[in-house]
Amino acid sequence: MTQEPPTRPLRVALVGTGAIAHAHAAAVAADPGAEVVAVADPAAEVRATFTERFGVPRTYPDLAALLAGEAGVDVVHLCTPPGLHRDQAVQALSAGAHVVCEKPPVLSLTELDDVLAAARAADRQYAVVFQQRTGTAVGHVQRLLASGELGRPLVGICHTLWYRKQEDYYAVPWRGRWATEGGGPLLGLGIHQLDLLAFLLGDWAEVDARAFRLDRDVETEDTSVATVRFANGAVVSVVTTALAPRQTSYVRVDTTTATVEVEHLYGHDASSWRLTPAPGRTGGEHPEAPASWALPADDEPSGHVPLLRAVYDALRSGGPLPPVAAEPYRSLELVTAIYASAALGRPVTPADLAPGSPLRDGFAHDGVEDLRALSTHRS
Ligand SMILES: NC(=O)c1ccc[n+]([C@@H]2O[C@H](COP(=O)([O-])OP(=O)(O)OC[C@H]3O[C@@H](n4cnc5c(N)ncnc54)[C@H](O)[C@@H]3O)[C@@H](O)[C@H]2O)c1
């Protein structure tokens, strides 16, 4: 039986008070129907910096202590290292809280199965933060593509060309290791762009990929390349790296009637998007775009604020999760398929990731051995 949503402000707890937790606290503060009542983090100094900035009523060293000390927390946000997401999500859901989890949702499809089973059993929601899906511009473009108004998608590009230094980014102990991060830049960084791509193009059909460790002193890959074929027939070239000094996040889809592009770094607004009609579509070599393609004037950028507003609205109404926070499988499947294809040296299809497949268990358990296969295969 579905539980009644609360009519008072949502009581929110943040677990992990590091870098991204600040964006969560700011987004909660922007919502008059929600309040942060407690946080948990074993690092006392990090916790102190956070509470000094946001003035949180109560703090705890870990999630278990928080759940024991706080009656009636409605939503637990997981802002912790990815290797903790599965157990913490199951713990919070089983205690009766909804969960908003930072990307990557978990380290493997099997872990995602576990979390969603716990959510169903508890009749609670599990929302993942893929904020590239949010903002007025992306919603408009997604609707134009889904309705067919932009023609049939044919070919695309999905680039996560970011720069992460050894001495700071990879100095954090959980990063760059299969056991704690579950993957390299593909899972940790590129999943944002893959998620946006899949939000625009829908189900994938086949992945052919290679992974490399070109420069960073890490256990995982630092660069990967892939060809992804979507169920709608579109073929997309995906490059993900932590080694690109001029950083960019770029997604492009060429359809039968238009080129759709978004270029930004960590967040986009209407100025990041460009829709170019095909030559000759309306007569001339450089035709005007139809008025219906124009991006909305009431532009709201992508980010945690619109994502949390949409998720909280769903929690307050008792309705299903909004499209911007639903379907966590798609981008995690794409990441898994890219690693699997690189490891196996052959194209991978959704059938390879069907229930019972060992590929669903991901790469955290024997990543070093897998990486050896990734690095040497076909060379
Ligand atoms: N959506 C985005 O744009 C975005 C950006 C950055 C990071 N992230 C994601 O957010 C998550 C956290 O990343 P971060 O950069 O904030 O990391 P971080 O290292 O800055 O913060 C993580 C915090 O978790 C705490 N922690 C560790 N173990 C804990 C435990 N058992 N219980 C409670 N807290 C614990 C650490 O002490 C630390 O303060 C990762 O999944 C990351 O991929 C998302």
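The following exercises, each with a worked solution, concern a predicted model of a protein.

**Exercise 1. The two domains**

Into which domains is the protein divided, and how far apart do their C-alpha centres lie?

*Solution.*
Step 1. Identify the parts. Domain 1 covers residues 10-129, and domain 2 consists of 135-286 + 331-376.
Step 2. Locate the centres. The C-alpha centres of domain 1 and domain 2 are 27 Å apart.
Step 3. Examine the contacts. On the side of domain 1, 13 residues are in contact with 17 residues of domain 2.

**Exercise 2. The interface between the domains**

What area do domain 1 and domain 2 bury between them, and which three residues of domain 1 supply more of its share than any other three?

*Solution.*
Step 1. Consider how an interface is described. The accessible area lost when the parts come together is often used to give its size.
Step 2. Apply this to the model. Domain 1 and domain 2 bury about 1200 Å² between them, and 66% of this area is on carbon and sulfur atoms.
Step 3. Find the principal contributors. K103, L107 and L109 supply 48% of the area that domain 1 buries against domain 2, which is more than any other three residues supply.
Step 4. Turn to the polar interactions. Between the two domains there are six residue pairs in polar contact.
Step 5. Classify the residues. The side of domain 1 that touches domain 2 has eight nonpolar, three polar and two charged residues.
Step 6. Look for salt bridges. The rule finds one salt bridge across the interface of domain 1 and domain 2. D113 and R360 form a salt bridge in which the closest N and O atoms are 3.0 Å apart.

**Exercise 3. A salt bridge between R133 and D195**

Why can the salt bridge of R133 and D195 be said to tie together parts that are apart in sequence?

*Solution.*
Step 1. Confirm the pair. The side chains of R133 and D195 meet in a salt bridge, with 2.6 Å from N to O.
Step 2. Place both residues. R133 belongs to the loop between β6 and α6, whereas D195 belongs to helix α8 (residues 185-201), so the pair ties together parts that are 62 residues apart in sequence.
Step 3. Judge the surroundings of each partner. R133 has a relative accessibility of 5%, and therefore counts as buried, since the limit is under 20%. D195, at 2%, also counts as buried.
Step 4. Set the pair in the context of the whole. A search of the entire structure finds 17 salt bridges.

**Exercise 4. A network of charged residues**

Which residues are joined into one network by salt bridges that share partners?

*Solution.*
Step 1. Take one pair. R252 and D254 meet through their side chains in a salt bridge (2.9 Å, N to O). R252 counts as partly exposed at 25% relative accessibility, while D254 counts as buried at 17%.
Step 2. Take another pair. The side chains of R274 and E261 meet in a salt bridge at 3.4 Å, N to O. This pair links distant parts of the chain, with R274 in strand β13 (residues 273-277) and E261 in strand β12 (residues 258-264), 13 residues apart.
Step 3. Compare the accessibility of the partners. R274 is exposed, with a relative accessible area of 52%, whereas E261 is buried, with a relative accessible area of 9%.
Step 4. Join the pairs. Salt bridges with shared partners connect R252, D254, E261 and R274 into one network.

**Exercise 5. Two residues to classify**

Is Q132 buried or exposed, and is A351 buried or exposed?

*Solution.*
Step 1. Locate Q132. This residue lies in the loop between β6 (126-129) and α6 (136-147).
Step 2. Classify Q132. Its relative accessible area is 2%, so Q132 is buried.
Step 3. Inspect its contacts. Beyond neighbours within four places in sequence, Q132 is in contact with several residues, including V138, H192, L196 and S302. A polar atom of the Q132 side chain lies 3.4 Å from the backbone oxygen of Y266.
Step 4. Locate A351. This residue is in the loop between α10 (329-344) and α11 (367-376).
Step 5. Classify A351. Its relative accessibility is 62%, so A351 counts as exposed.

**Exercise 6. The setting of T248**

With which side chain does the side chain of T248 make a polar contact?

*Solution.*
Step 1. Place the residue. T248 lies in strand β11 (residues 243-255), and T248 is buried, with a relative accessible area of 5%.
Step 2. Identify the partner. The side chain of T248 makes a polar contact with the side chain of E263 at 2.6 Å.
Step 3. List further contacts. Not counting residues up to four places away in sequence, T248 touches residues among them H159, W162 and L265.

Definitions and conventions
Residues numbered from 1 in each chain as written. Predicted model: local features only at pLDDT ≥ 70, side-chain atom pairs only at ≥ 80, totals over all residues. Heavy atoms only, no water. Domains from an automatic or database assignment. Contact = heavy atoms within 4.5 Å. Buried area = accessible area lost by both parts, 1.4 Å probe. Salt bridge = Lys/Arg side-chain N within 4 Å of Asp/Glu carboxyl O. Polar contact = N/O pair within 3.5 Å; in protein donor to acceptor, adjacent residues only side chain to side chain. Nonpolar A, V, L, I, M, F, W, Y, C, P; charged D, E, K, R; others polar. Helix = DSSP H or I, 4+ residues; strand = E, 2+ residues; numbered from the N terminus. Buried < 20%, exposed > 50% of the residue type's maximum accessible area, 1.4 Å probe, protein only.
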